[in-house]
Amino acid sequence: MFVLHDSQNLQILHKSLEKSIPESIKVYGAIFNIKNKNPFKMEVLVDAWPDYQTVITRPQKQEMKDDQDHYTNTYHIFTKAPDKLEEVLSCSQVINWEQTFQIQGCQKGLDEAIRKVATSKSVQVDYVKTMLFIPELLKKHETSSNDKMEFFEMHKVDDNNKKINFSNMFLDASHAGLINEHWAFGKNERSLKYIERCLQDFLGFGVLGPEGELVSWVVMEQSCELRMGYTIPKYRNQGNMSQIICHLKKYLSQKEIPFYIHAADNHEKHLQALKNVGYKFCPCGWHQWKCTPKKCC
């Protein structure tokens with residue numbers, strides 16, 4: 001594997017990966033951000049060029065200085081040759097198995113190679129699979145102004161609550177503490193720093209309740225996924241999250257920014273809401289492997 005630096009080659013690769021969506025969406029989204037100012041300082045590795053079989057995005061080496069920060073130490077993988085992936089992952093120049101890290105991808109076929117290599121290196125694997133949703137019409141995405149501050153209007157809550165006006169806002173790093181407190185994958189100091197960085201570099205959007213408090217939100221991360229979605233319990237079943245997702249779909253499509261969502265399969269109302277506003281279920285699924293060396297367990 002080697003780092004692909006040339007901007008023209010990155011453009012060619014990005015366009016090629018579009019043909020493999022949804023399985024390639026994690027790598028595709030990460031490369032979009034690499035092409036657009038690269039705020040998370042990531043890089044792209046390929047096994048060959050131009051006839052690549054495997055693509056990996058990861059932070060540049062100087063970014064992975066905390067061996068236990070698996071939020072920053074995240075690799076996104078897409079492969080056309082899962083039978084050769086074990087050899088790729090075994091290479092210490094590709095994956096630093098001495099750190100705690102995450103691998104994310106949208107191919108179930110990654111699992112066997114990841115587990116085999118992890119076992120050989122005495123690394124514990126914690127695996128999560130959820131349901132992947134992408135918008136029905138995923139446009140081509142070349143460049144973006146990434147203007148977080150452009151405002152668009154949202155609707156009020158449902159007809160039963162017409163008298164209560166819910167306003168909307170773009171989020172900033174000052175909201176990271178509340179988001180971290182309610183994020184199932186977070187609730188620690190490293191996740192707090194990660195959320196702060198996402199809010200500084202990417203889009204975060206929320207709905208304010210009648211007293212001006214943040215009641216519902218989502219945040220975009222370094223691979224263009226909309227994550228950390230949450231609604232305060234007393235404001236659920238009022239359409240707040242559906243409105244956020246619907247309007248972000250319109251906004252991001254207009255800006256030509258790729259986006260997608262994962263959701264647990266036991267959240268039936270959430271899943272139906274996604275389908276209702278034009279998101280398509282992808283059978284390949286969303287997969288995450290958190291890998292922890294035994295010395296860090």
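The lining of the largest pocket splits into 14 nonpolar, 13 polar and five charged residues, with Ala, Val, Leu, Ile, Met, Phe, Trp, Tyr, Cys and Pro counted as nonpolar, Asp, Glu, Lys and Arg as charged, and the others, Gly among them, as polar. This is a predicted model, where local features need pLDDT of at least 70 and side-chain atom pairs count only at pLDDT 80 or more, while totals for chains, interfaces and linings use all residues. Residues are numbered from 1 along each chain as its sequence is written, and side-chain values use heavy atoms, leaving out hydrogens and water.

That pocket has a volume of about 910 Å³. (A pocket is an open set of points on a 1 Å grid over the protein atoms alone, where a 1.4 Å probe fits, with protein on both sides within 12 Å along at least five of seven lines; lining residues have an atom within 4 Å of a point. Points are joined across faces, edges and corners, and the volume is the space filled by probe spheres set on them.) Of its 32 lining residues, Gly229, Tyr230, Met241, His267 and His270 sit closest to the centre. Strand E10 supplies the largest share of the lining, seven residues; strands (E, at least two residues) and helices (H or I, at least four) are DSSP runs numbered from the N terminus.

The second largest pocket comes in at about 250 Å³. Its lining has a quite separate make-up to describe: one nonpolar, two polar and eight charged residues, including Lys65, Asp66, Arg190 and Arg197.

Turning to the interior, the largest nonpolar core has 70 residues, and Leu13, Leu17, Val55, Met220, Leu252 and Tyr279 touch the most other members. Such a core is a set of buried Ala, Val, Leu, Ile, Met, Phe, Trp, Tyr and Cys residues joined through side-chain atoms within 4.5 Å, where buried means under 20% relative accessible area, exposed over 50% and partly exposed in between (1.4 Å probe, protein chains only). Helix H2 (residues 25-35) gives the most to this core, with seven residues. A second, separate core of 22 residues includes Trp97 and Phe101.

As for the rings, there are 16 aromatic pairs (Phe, Tyr or Trp rings, the six-membered one for Trp, with centres within 6.5 Å; stacked under 30 degrees between planes, edge-to-face over 60, tilted otherwise). Phe170 and Phe205 pair edge-to-face, at 5.0 Å and 80°. Phe170 lies in strand E7 and Phe205 in strand E8, so the pair ties together parts 35 residues apart in sequence.
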